[in-house]
Amino acid sequence: MAAALAALGRAAGLAAGPGRLLRACGATCAAEGGLSRRLSSAERPKRPLTAYFRFVGERQGPLRQRHPELSNTELVKKLAGDWRELPASQKQVYEEARKADWRIYEEKLAAYKAQLTPAQAAALKEERRKRLAKRRSFRKKRELTVLGKPKRPRSGFNIFMSENFQKSVGVSPVAKLKKLFETWQNLPSSEKQPYLQLAEDDKVRYENEMKSWEAKMAELGRQDLIRSKEQQPKKKTAETAQEADRAKAPLRGKKATLKLKKSEE
């Protein structure tokens with residue numbers, strides 16, 4: 001469970017701060033609770049199957065019975081091969097069935113849309129947009145996983161949570177998270193420091209791995225996956241530290257002057 005929550009934290013951008021995870025959990029729970037109360041697209045007519053998937057649906061069962069030793073992957077490959085070798089005249093039968101079902105689908109879809117109010121139509125459109133965005137995001141994450149993109153660095157709280165989640169008190173994962181967050185906020189600086197140091201070490205690990213990974217992506221021609229200079233962390237040099245100190249000097253002088261005036265009054 002700790003690993004699952006850690007993954008949830010990374011997905012919600014926990015590296016940016018502990019409060020963000022709690023807000024993400026709250027938003028997720030609210031969304032799940034509200035989903036059953038708002039309009040759903042479950043009643044929308046379903047698109048008819050393509051010619052190929054009609055063929056698969058028809059042949060998959062009998063093929064499985066004849067070859068129970070085949071894995072799902074092998075079964076799919078076998079069906080794809082059978083489809084490629086199918087004569088055009090037989091493929092046309094499946095295509096004609098798709099066209100007939102498509103005409104029926106268009107009629108049902110028109111009737112379905114006609115009964116919707118403008119508000120319902122807008123809500124369904126937004127639901128579809130979110131669903132497609134979620135699907136695109138999933139595909140993107142899957143691609144990055146296949147390409148071996150390094151995992152983002154964890155925050156101090158994320159590391160603390162991973163180590164203490166199992167023994168945390170709470171009836172639900174969200175309750176445990178809230179309890180851990182409260183504990184983290186009240187933790188003395190001396191006890192937080194080891195976790196913060198581990199988080200800093202993880203940032204170094206991440207940056208080193210990202211440099212190697214981005215170099216590999218450049219070789220593959222995937223410049224779209226390489227961070228821009230604005231996204232890359234800026235290194236603090238001695239010169240930039242001195243500039244920052246000089247910039248703060250006038251402010252410190254003003255504060256000192258105000259304190260002096262107050263003491264004289």
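Let me begin with a term: a salt bridge is a side-chain nitrogen of Lys or Arg within 4 Å of a carboxyl oxygen of Asp or Glu. Keep that in mind, everyone, as we walk through the model. And do remember that this is a predicted model.

Now, how many salt bridges does the count come to by this rule? The count comes to 13. I'll pick out some of them, beginning with a network. Glu143, Arg222 and Asp224 are linked to one another through salt bridges. Let's look at Asp224 for a moment. This residue sits in the loop between helix 9 and helix 10, and its side chain has a polar contact, at 3.0 Å, with the side chain of Arg222. Is Asp224 buried or exposed? Asp224 has a relative accessible area of 52%, so it counts as exposed.

Next, please find helix 9, which covers residues 189-219. Inside this helix, Arg205 and Asp202 are three residues apart, about one turn of the helix. Their side chains form a salt bridge, with 2.9 Å from N to O. The two partners have their own surroundings: Asp202 is buried, at a relative accessible area of 15%, and Arg205 is partly exposed, at 24% relative accessibility.

Helix 9 also gives us Glu207, which pairs with Arg227 in a salt bridge whose closest N and O atoms are 3.2 Å apart. Why does this pair tie together parts of the chain? Because Glu207 lies in helix 9 while Arg227 belongs to the loop between helix 9 and helix 10 (238-264), the pair joins parts that are 20 residues apart in sequence. Glu207 and Arg227 are both buried.

For another pair inside one helix, turn to helix 6. Glu127 and Arg131 both belong to this helix and are four residues apart, about one turn. A salt bridge brings their side chains together, at 4.0 Å from N to O. Glu127 is buried, with 13% relative accessible area, whereas Arg131, at 35% relative accessibility, is partly exposed.

Let's follow the chain out of helix 6. Where is Ser155? You'll find Ser155 in the loop that connects helix 6 (118-146) with helix 7 (156-164). Ser155 has a relative accessible area of 11%, and the cut-off for buried is under 20%, so Ser155 counts as buried. A polar atom of its side chain lies 3.1 Å from the backbone nitrogen of Asn158.

That brings us to helix 7 and how it meets helix 9. A quick word of background: two packed helices are described by the angle between their axes and the distance between the axes. Here, the axes of helix 7 and helix 9 come within 7 Å and cross at roughly 115°. The crossing is right-handed. Which residues meet there? From helix 7 we have Gly156, Ile159, Phe160, Glu163 and Asn164, and from helix 9 their partners are Tyr195, Leu196, Leu198 and Ala199.

One last stop, and this one comes from a record. An unreviewed UniProt entry places a "coiled-coil region" at residues 196-223. What does the model have there? Over residues 196-223 the chain is 86% helix and 0% strand, and 33 Å separates the C-alpha atoms at the two ends. Some of our earlier residues fall in this stretch, so do go back and find them: Asp202 and Arg205 with their salt bridge are a friendly place to start.

Technical notes. Residues numbered from 1 in each chain as written. Predicted model: local features only at pLDDT ≥ 70, side-chain atom pairs only at ≥ 80, totals over all residues. Heavy atoms only, no water. UniProt positions renumbered as here; feature names shortened; annotations may be inferred. Buried < 20%, exposed > 50% of the residue type's maximum accessible area, 1.4 Å probe, protein only. Polar contact = N/O pair within 3.5 Å; in protein donor to acceptor, adjacent residues only side chain to side chain. Axes fitted to C-alpha atoms, helices over the stretch in contact; angles between N-to-C directions. Left-handed = near helix turned anticlockwise from the far one by under 90°. Contact = heavy atoms within 4.5 Å.
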